[in-house]
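Me: I am new to this one. Please show me the structure, and then I will ask how its helices are described.

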Amino acid sequence: MEEDDVTIREQNFHSQVREYIICFLLFAVLYIVSYCIITRYKKKSDDHEDEDAVVNRISLYLCTFTLAVSGGAVFLLPFSIISNEILLSFPKNYYIQWLNGSLIHGLWNLVSLFSNLCLFVLMPFAYFFLESEGFAGSKKGIKARILETFVMLFLLALLILGIVWVASALIDNDAASLESLYDLWEFYLPYLYSCISLMGGLLLLMCTPVGLSRMFTVMGQLLVKPTILEDLDEQIYCIHLQEEALQRRLNGSSSHTYPRGSFAHQLNKELDNIRNQRNKLERRKRASGWEKNLLYPIVMLILLTGTTISVLMVALNILYLLVDETAMPKGSTDRGIGNTSLSTFGVAQAVLEIILMFYLMVSSVVGFYSLRVFEGLTPRKDDTTMTTIIGCCVSILVLSSALPVMSRTLGITRFDLLGDFGRFNWLGNFYIVLSYNLLFAVVTTLCLVRKFTSAVREELLKALGLDKLQLSNSPTDPESGKLSANGHQKTL
């Protein structure tokens, strides 16, 4: 009997060690990828080692950790779905015994814990530490900046806890709720993270439809469009005329002498834009026939198919919500990993769900940076400050943490939310979940209709040559006037 107990304890010990090693390896890969991404966009600084360099390096490590946690939140639900299907397909395979329910639940709990840690501790610390200078009258240095940072974090925590306390007292004024107000760990943090998840869900609801329509424009810029009723040689010739005219004005080769300063800066900016247009036209001219006439339509068709399937699945989920209360994210039963398939069509549907989740995440990020409110957070290669990187990491963390909740709420997947992700209070509200589905379906449809109608109108104008009637917005000068569409100087 004692030998059996020892054997069980040894098995549990080895299982725990194996799970820790797997989690560490997965996080190490995400951390390395996140570090490469951030250093690609981070503004280059001097190699001189000083106080600000140390602060920037610490903030960089914290941002990398946060971005790695965001990546873990994105891969969390797809990894769980594919693990469930693998265990169903190979239940007795010795080489996949490490893939079990304990590992999946552990990953969910770790991602939830680290998401809270990054959102409420690490990112505020990185921002305040970056902006701190030390209290007036104290000795300058790292210690003074750390002290100021902790004081600011303490004041921020008091402010947030006070707001949550007042909001909870106003919403639930019964005796049980008032008594739970004094429970910090069991009430405050889950309630606060539930509010953050609701805000993340609303942010996804605002960004994803915009991103779904914006994806067509982004892919159109990356790929070469088919040449239909267009004369690329004529367009390149017009661009050359514009470029030569602007170059003459910059060199002062004409009879007029143009002032330098802001006007010359505008001319340089206009010249760069024209050169970019010329490079795009030359790229379209050099592109092969299959790239223009086959690859572009296929990619557009894939995007349209993915968007249509997403909207149809949301519409079907709305019907399920109206007739079956088990379709609610809160009302799902807790199934074990590898016991039951959560997809009607097996592995094929699971793969489709995973593709749609990644597509929605990419679309939400594209839509986030397309909104005017968040345009200032758009990262630029080798020219992004640490403050902007902190804002980007926080935004991506909120979006990625809300992705599993949004995917389950919209009915993209039937996989249950594990860990703290399934304990959000608002998931049990039927009207919130139904309104979320309706808004997503309606707003996405309206964005797509507006996108395609405007795109068709622009292509018709371009095909008929009516777009050439519009004059280019070149920099103006009191003495010289404007540049017309064909690149010649138009006198006033």
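What follows is a short exchange on helix packing and bends.

Me: What kind of model is this, and how are residues numbered?
Reply: This is a predicted model: local features need pLDDT of at least 70, side-chain atom pairs count only at pLDDT 80 or more, and totals for chains, interfaces and linings use all residues. Residues are numbered from 1 along each chain as its sequence is written, and side-chain values use heavy atoms, with hydrogens and water left out.

Me: Why are α2 and α3 called roughly antiparallel?
Reply: Helix α2 covers residues 51-89 and helix α3 covers residues 101-131. Helices here are DSSP runs (H or I, at least four residues), numbered from the N terminus. The two pack at about 155°, with axes 9 Å apart. Angles run from 0 to 180 degrees between N-to-C directions, and axes are lines fitted to C-alpha atoms over the stretch in contact. Over 145 degrees counts as roughly antiparallel. Therefore α2 and α3 are roughly antiparallel.

Me: What makes up the contact of α2 with α3, by class?
Reply: It has 22 nonpolar, seven polar and no charged residues. Ala, Val, Leu, Ile, Met, Phe, Trp, Tyr, Cys and Pro count as nonpolar; Asp, Glu, Lys and Arg as charged; the others, Gly among them, as polar.

Me: How is α3 placed against α11?
Reply: Helix α11 (residues 386-409) packs on α3 at about 160°, with the axes 11 Å apart. That angle makes α3 roughly antiparallel to α11. The contact (heavy atoms within 4.5 Å) includes Trp-108 and Cys-118 of α3 and Ile-390 and Pro-404 of α11. Its residues divide into 14 nonpolar, three polar and one charged.

Me: What makes α2 and α10 antiparallel?
Reply: Their axes cross at roughly 175° and come within 10 Å; α10 is residues 347-370. So α2 is roughly antiparallel to α10. Phe-75 and Pro-78 of α2 are among the contact residues, as are Ile-354 and Phe-358 of α10.

Me: How do you know that the length of α2 fits a helix?
Reply: The expected span is 1.5 Å times one less than the number of residues. For the 39 residues of α2 that gives 57 Å, and the end C-alpha atoms are 56 Å apart, so the two agree.

Me: Where do α2 and α3 bend?
Reply: A bend is the angle between axes fitted to the seven residues ending at a residue and the seven starting there. α2 bends by about 35° at Phe-75, and Pro-78 follows within four residues. α3 bends by about 45° at Cys-118.

Methods: Parallel < 35°, antiparallel > 145°, perpendicular 65-115°, else oblique.
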